[in-house]
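Thanks for making the time this morning. I would like to walk you through one model, starting with how its parts meet and then turning to the ligand.

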Amino acid sequence: MNAVLKPGAERTTAQWQAADAAHYLHPFTDFKALANKGSRVMVRADNIYLWDSDGHKILDAMSGLWCVNVGYGQKALIDAATKQMTELPFYNSFFQTATPPAIELAELLAEVSPTQFKHVFFSGSGSEGNDTVVRMVRRYWDVLGQPERSVIISRHNAYHGSTVAGASLGGMSGMHAQGGLPIPGITHVEQPFWFECGQGMTRDAFGLKAAAALETRILEIGADKVAAFIGEPVQGAGGVIVPPDTYWPEIQRICDKYGVLLVSDEVICGFGRTGHWFGCERFGFRPDLMTFAKGVTSGYVPLGGVMVGERIAKVLIEQGGEFNHGYTYSGHPVACAVAIANIRLLQQGDVVRRVHDELGPYLAQQFALLAEHPLVGEVQTCGLMGAVQLVQDKSRLKVFAPEHEVGMLCRGHCFASGLIMRAVGDRMIVAPPLVITRAQIDEMMALIRRCLDLTLADVTHRGWV
Ligand code: PXG
């Protein structure tokens, strides 16, 4: 009988790292630097914990990459995939065909989405979802006889993916610096980031000012040339930037005034992350399109898509003829079956309400205590997302010199202490699985506190404070 090996134990860590360095180009990575250092190889997971190839247990406060909303090891998702793979592992939806999971998921998404959404277009990822958004909003205006209405307005420091259209919609200067992006017809306005752009104003006044940047740009371009505005309800990859409450209602007012389509990128905020099914519900706006991915399957298999509001669906269905767009994996039956099981689990476990009523408020309360730490200039939370802004001088909210990379120092302590927390510059962020318990939030907070203390000791020792 063959011995049953532990996951990952087929090779030693050093052997995994050598093969990785020899063949595997990782996303958003300095290939040479990583090859010299060696990857951390993750081999197993359960609930909110991961184990690496050296057997270390790690609390995953980033839900994989903002996606494992129901936590690891959920049997219902595993069984759904196994059953669907056995019955029908693949069929496409191109040539007037469909599969039961794709149809049923479309129906279920309409049930959990805000009422204006009755239709969905599936993709394989969030980036592909946003490519679909670009093609769909332009097609909509074409069909209505206004093809010149093609400009899409987004925001600096937005993240909308890494395909050519996704990276162009995004407002990441590092991404625009490579490969001639953004493509024409996409323009960026101010982000609602009070800490960086709004100090000296009240948060509410700043929210209105940041939204006014949209109106100014619409008037500069001409409303008859603007197709849509896109934004994340809370900027995730940008650093968990929770906008002032005045921001989104004003954006909605401006889009309505000029007839501009409003697109909510819900790739991170969707499926309970904010304590609502979708982030737009938390902030009180009514998008025409919603991009989703990640939490729709809790990341167990890739799936994304776009919820299409009735304003657009009606035009495309009744007057549009053929829409020349789609992906091999649009409506992949295994991905859709897993998504159905995932959404049922969120519904049956009352997970979204628990984030709203219990876990979100508890995280907010615990993060508020962190604000007293000498390194912390600002904390923000929204549902089960949180950000801690590290500062050099708390009284004046003065930031560290970027070259000191204090966020990376802190992230290093997190890694070494068994906690996965992201650093965006000097903003430390978490987005744990939505099934986390209060006791596990306490465990996470103790680790965060310890890492802040270790970082404070470092910067004191180096004379940076
Ligand atoms: N929109 C948003 C709001 C996202 O956060 C995408 C679109 C693209 O999704 P795909 O599935 O194509 O990756 C995302 C992805 C980070 C990080 O470092 C965030 C994402 C991806 C990778 C890294 O925080 N978000």
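Before I give an area, let me say what I mean by it: buried area is the accessible area, taken with a 1.4 Å probe, that two parts lose on being put together, summed over both. Please also keep in mind throughout that this is a predicted model.

The protein chain is divided into domain 1, which covers 13-73 + 350-461, and domain 2, which covers 75-348. The C-alpha centres of these two domains lie 26 Å apart, and 37 residues of domain 1 are in contact with 41 residues of domain 2. In the sense I have just defined, the area buried between domain 1 and domain 2 comes to about 2900 Å², with carbon and sulfur atoms giving 62% of it. On the domain 1 side, Trp66, Val70 and Val352 together supply 21% of the area that this domain buries against domain 2, which is more than any other three residues.

Trp66 deserves a second look, since this residue, found in helix α3, has a phi near 65 degrees, a positive value in a residue other than glycine. Trp66 also comes back when we turn to the ligand, which is surrounded by 16 residues, the closest being Trp66, Gly126, Ser127, Asp265 and Arg422.

Which domains does the shell around the ligand draw on? At least three residues come from each of domain 1 and domain 2. By class, the shell holds 6 nonpolar, 6 polar and 4 charged residues.

As for individual polar contacts, a polar side-chain atom of Ser127 lies 2.5 Å from an oxygen atom of the ligand, while a polar backbone atom of Gly126 is 3.0 Å from a ligand oxygen. Tyr159 places a backbone N or O atom 3.5 Å from a nitrogen atom of the ligand. Taken alone, the ligand exposes 540 Å², and the protein buries 83% of that. The elements giving two or more residues to the shell are α3, spanning 63-66, and α6, spanning 126-143, and the largest share, 3 residues, comes from α6.

One last point concerns the backbone: Leu181 and Pro182 are joined by a cis peptide bond, with omega at about -5 degrees, and Pro182 is found in the loop between α8 (173-176) and β6 (186-189).

I am happy to go back to any of these points in the discussion.

Methods:
Residues are numbered from 1 along each chain as its sequence is written. This is a predicted model: local features need pLDDT of at least 70, side-chain atom pairs count only at pLDDT 80 or more; totals for chains, interfaces and linings use all residues. Side-chain values use heavy atoms; hydrogens and water are left out. A residue is near a molecule or strand if one of its heavy atoms lies within 4 Å of it. A polar contact is a pair of N or O atoms within 3.5 Å; within protein, one must be able to donate a hydrogen and the other to accept it, and residues adjacent in sequence count only if both atoms are side-chain atoms. Accessible areas come from the Shrake-Rupley method with a 1.4 Å probe; for residues, only the protein chains shown count as cover. Helices (H or I, at least four residues) and strands (E, at least two) are DSSP runs, numbered from the N terminus. Ala, Val, Leu, Ile, Met, Phe, Trp, Tyr, Cys and Pro count as nonpolar, Asp, Glu, Lys and Arg as charged, and the others, Gly among them, as polar. Domain bounds come from an automatic or database domain assignment. Contact means heavy atoms within 4.5 Å.
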